[in-house]
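User: Please introduce the structure shown below to a reader who has not met it before. A short series of questions will follow.

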Amino acid sequence: MARTAKEKPAAQAVEKTPVKRKKTTKAEPTESVVIQYAGSEWDSAELIAQVKAAYVAQGHYAASIKELFLYVKPEEMKVYYVINGRSKGAIDL
């Protein structure tokens, strides 16, 4: 006997529950450079903060820093820097 459209089995209602997934965030590795010379020690993060402060003291905005290069010369007790390829300067260690 052939089934008619009315005789087809009813589709079972499937409840879909949203799957809660944990957001995985990759932790950035901790990076640190310590420069030691003649019994003195300097941390790279502190030097970067000092250079940024010197740049801002010159009337620039900290948010404008896109590229920062430090050249540490402990024998001269200086840190030379170039910011955004244009601004150059130095700070004392």
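Analyst: Two strands are said to pair if DSSP finds at least two bridges between them; helices (H or I, at least four residues) and strands (E, at least two) are DSSP runs, numbered from the N terminus. This is a predicted model, in which local features need pLDDT of at least 70 and side-chain atom pairs count only at pLDDT 80 or more, while totals for chains, interfaces and linings use all residues. Residues are numbered from 1 along each chain as its sequence is written, and side-chain values use heavy atoms, with hydrogens and water left out.

User: Which pattern does the protein follow when read along the sequence?

Analyst: The protein has 1 helix and 5 strands. Read along the sequence, these elements give the pattern β-β-α-β-β-β.

User: How many bridges join strand β3 to β4?

Analyst: Strand β3 comprises residues 68-73 and runs antiparallel to β4. Within this pairing, F69 has V82 as its bridge partner in β4. The number of bridges that join β3 to β4 is 6.

User: Which residue in the turn of the β3 and β4 hairpin has a positive phi?

Analyst: Most residues other than glycine have a negative phi. The hairpin of β3 and β4 has 4 residues between its strands. In the loop there, one residue is partly exposed at a relative accessible area of 36% (buried means under 20%, exposed over 50%, partly exposed in between, with a 1.4 Å probe and protein chains only). With its phi near 55 degrees, that residue is M77.

User: Which residue takes a positive phi in the hairpin of β4 and β5?

Analyst: β4 and β5 pair in the antiparallel sense over 6 bridges, and V79 stands opposite I91 in β5. Their hairpin has 3 residues between the strands. The residue with a positive phi of about 55 degrees there, although not a glycine, is N84.

User: Is N84 buried or exposed?

Analyst: N84 is found in the loop between β4 and β5. Its relative accessible area is 17%, so N84 counts as buried.

User: How far apart are the N and O atoms in the salt bridge of D92 and K78?

Analyst: A salt bridge is a side-chain nitrogen of Lys or Arg within 4 Å of a carboxyl oxygen of Asp or Glu, and by this rule there are 2 salt bridges. In the one between D92 and K78, the N to O distance is 2.9 Å. D92 lies in β5 (residues 87-92) and K78 in β4 (residues 78-83), so the pair ties together parts that are 14 residues apart in sequence. To restate the distance, it is 2.9 Å.

User: Which residue forms a salt bridge with E76?

Analyst: E76 is partly exposed, at 38% relative accessibility. Its partner is also partly exposed, at 30%. The closest N and O atoms are 3.2 Å apart, and the partner is K73.

User: How many residues does the largest nonpolar core have?

Analyst: A nonpolar core is a set of buried Ala, Val, Leu, Ile, Met, Phe, Trp, Tyr and Cys residues joined through side-chain atoms within 4.5 Å. Members of the largest core include I35, W42, L47, V79 and I91. Helix α1 (44-57) and strand β4 each supply at least two residues of this core. Its number of residues is 10.

User: What distance separates the C-alpha atoms of I35 and P74?

Analyst: I35 lies in strand β1 (residues 34-37) and is buried, with a relative accessible area of 19%. Leaving aside neighbours within four places in sequence, I35 is in contact (heavy atoms within 4.5 Å) with residues including W42, L47 and V72. I35 and P74 are 39 residues apart along the chain, and their C-alpha atoms are separated by 8.6 Å.

User: What share of the 93 residues counts as buried?

Analyst: One buried residue is S87, at 15% relative accessibility. S87 lies in strand β5, and its contacts, leaving aside neighbours within four places in sequence, are Y55, H60, Y81 and V82. Of the 93 residues of the protein, the share counted as buried is 17%.
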